[in-house]
Amino acid sequence: MDHKIKLSTAPLYEALLAYRDSKQRSFHVPGHKNGQAYRHLVEQAELSPVEDTNNSINEVDQQNVEIQDDAGRLINQGVEHSSSVKERGADLDGIEKRVDNEDVHPEIVLVPTRSFLEMMEMDVTEITGTDDLHHPEGVIKEAQELAADCFGAEESFFLVGGSTVGNLSLLLTVCDEPNCIVLVQRNVHKSVIHGLMLAGARAVFLEPWVDPASGLAVMPSVETVQAAVQSYPEAKGVLVTLPNYYGMGADLTPIAKVCHAAGMPLLVDEAHGAHYGQHPKLPVSALSCGADGVVQSTHKMLTAFTMGAMLHIQGPRLNRSLLRQRLAMVQSSSPSYPVMASLDLARRLLHVQGANTFTAGLAAVNAFKRGLAELPRFQLLQPAQPLQQEPPAGTAKPAGISVSAAQRTREGLTAAAMPSAAGYTAQDPFKAVIYDGAGVLSGYGLQQQLEACGCVPEMSDERYVVLLFSLGSTVQDAQHLLQALHHISSANKPDEQGWSIAEHPQKVTKEPTHYISTWNNFQENIPYSELVSFTMKPIVEADTIEVPIEESAGCRSAEMVIPYPPGIPLIYPGERISSSIAKRIQLLRDEGAKFHGVSDTSLKVLKVMKD
């Protein structure tokens with residue numbers, strides 16, 4: 001078969017289509033029998049004279065997406081849509097309450113939509129022709145090989161449990177015996193912590209470099225990685241997260257070289273970078289920088305169904321046989337075929353269209369940025385030194401990134417933790433991170449007002465709002481967003497703020513130097529932590545005591561302190577609490593941050609080990 005023709009195939013997806021069209025009788029799981037369990041209900045519902053309320057709400061949705069010339073009309077439509085949804089909910093409640101009435105058919109309540117029924121026709125299991133994810137020999141094997149070709153890997157694996165199972169499997173592979181040491185970026189996803197627990201590993205946490213302009217943590221500096229590798233030459237590997245949730249990153253090549261010189265694999269949680277390297281205007285991928293194992297959430301920035309992800313491998317530093325066994329441990333033995341088929345289709349879209357896949361999405365981003373330039377009140381987060389590689393250690397730092405000693409103290413940085421160049425040199429164009437430069441609206445407040453205008457951001461924090469564009473975004477989306485920002489700017493003028501912090505906490509933004517991000521959990525004066533042991537063994541209550549946060553410095557924590565959102569732990573069970581972390585917990589608590597993992601959610605006291 002011609003190579004170009006082969007790239008345009010989607011072997012797993014096509015196998016599911018063939019199965020659907022064969023109309024074979026199912027004497028296997030799943031129990032819905034290709035949707036047959038619901039088919040008669042759908043047919044009866046379509047013949048029923050009862051009003052199709054789905055159509056009525058779709059009409060409202062259709063009206064709501066129209067871009068209006070007047071921002072006020074846009075806001076009113078958002079309210080109208082909200083009201084219609086509430087009325088729709090009330091109608092459904094009424095139908096369910098009247099289900100025993102002879103005038104109302106139970107099928108109207110129980111029936112799924114026909115589009116959902118059609119999806120069920122492709123929801124199959126491991127039968128002849130559909131292959132087996134855990135021992136692929138046919139269409140899944142071919143689909144994964146095509147994925148490896150597309151993303152530049154030697155071998156790729158489909159994941160049906162999101163990037164979580166990729167992180168778990170990588171850690172369980174490199175930690176092939178208890179008490180293995182792994183060098184881990186401190187602000188990692190909780191799945192990495194769970195992987196350390198399952199492996200019974202010991203972690204050395206690498207402090208991330210913090211961008212002084214934004215106050216946001218990015219990744220460990222090359223110097224920090226180098227120092228930790230030299231101190232722990234027996235470590236089994238290094239794991240970093242790039243990009244962060246804000247789309248911020250830098251070149252990984254120097255870190256990969258440090259790891260490989262020490263004989264360690266570089267593992268990268270690239271959950272938000274599945275599209276990296278696929279277009280000249282996108283940052284380079286972790287694989288192209290030399291990473292050995294890379295986890296990507298294909299559903300986040302590409303087109304796979306939710307929970308669809310991939311694990312990419314290259315080089316000789318990972319035991320691939322063991323990796324397959326670990327994947328079989330953490331993934332379901334009955335994986336979702338629609339999710340896997342969506343991975344196959346996401347790959348085919350890139351293979352066929354190439355960089356053109358992102359043309360429309362980038363046009364939407366550019367339209368938004370042009371419009372935002374006419375709204376100087378709302379600022380866009382961008383690196384001061386874009387797309388530059390770090391110079392060799394010991395060379396002069398680029399101009400524009402010098403940080404005073406006072407500012408390093410404020411940001412929790414030290415000379416030892418500073419990189420040899422800007423640690424934030426690449427911004428994902430699809431992550432538009434904005435903030436109110438006038439200081440009137442916090443990130444939380446701006447998100448609330450955007451949602452009232454029919455625009456739902458990805459996330460917000462005390463200062464920033466993350467607006468996630470993708471290859472599926474349109475110029476109309478950007479216009480809608482700009483109209484919303486125009487309306488918000490008019491309704492929240494800086495010269496009209498007569499409120500107090502206590503009365504309007506969501507309409508006050510901290511100055512950059514006082515910004516407290518729940519993403520930043522660095523320690524002061526140390527580039528990396530002492531060893532932290534992880535285990536599945538629960539901490540015995542009798543071995544703990546409660547102490548005031550103000551008196552917790554020097555103690556070993558018995559709890560995981562997790563500011564939420566986003567869910568990145570500040571301190572781990574068994575880890576010694578430094579004075580800087582104790583102060584940081586107090587600051588976050590006093591600023592109103594919410595916490596997971598602690599018994600006292602007000603964080604007046606913390607459980608610590610008696611010893």
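**Strand E11 and the eight-stranded sheet**

In this predicted model, six of the six residues of strand E11 (residues 431-436) are buried, so the strand is largely enclosed by the rest of the structure; buried denotes under 20% relative accessible area, with a 1.4 Å probe and protein chains only, and strands (E, at least two residues) and helices (H or I, at least four) are DSSP runs numbered from the N terminus. In a regular strand the side chains alternate between the two faces of the sheet. In E11, Lys431, Val433 and Tyr435 point one way, whereas Ala432, Ile434 and Asp436 point the other way. E11 runs antiparallel to strand E9 (residues 378-380), to which three bridges join it, and antiparallel to strand E13 (residues 465-468), through four bridges. Ile434 stands opposite Leu380 and has Val465 as its bridge partner in E13.

Eight strands form an open sheet of mixed pairing, in the order E1-E8-E7-E6-E4-E2-E3-E14, where two strands pair if DSSP finds at least two bridges between them. Its edge strands, E1 (155-159) and E14 (532-533), each pair on one side only. Five bridges join E1 to the antiparallel strand E8 (residues 309-313), with Ala309 as the partner of Leu159. Helix H8 (residues 139-151) packs on this sheet, touching E1, E7 (293-296) and E8 (contact: heavy atoms within 4.5 Å), and its direction makes about 115° with that of E1; axes are lines fitted to C-alpha atoms, for helices over the stretch in contact, with angles from 0 to 180 degrees between N-to-C directions.

Residues are numbered from 1 along each chain as its sequence is written, and side-chain values use heavy atoms, leaving out hydrogens and water. Local features need pLDDT of at least 70 and side-chain atom pairs count only at pLDDT 80 or more, while totals for chains, interfaces and linings use all residues.

Technical notes:
Buried means under 20% relative accessible area, exposed over 50%, partly exposed in between (1.4 Å probe, protein chains only).
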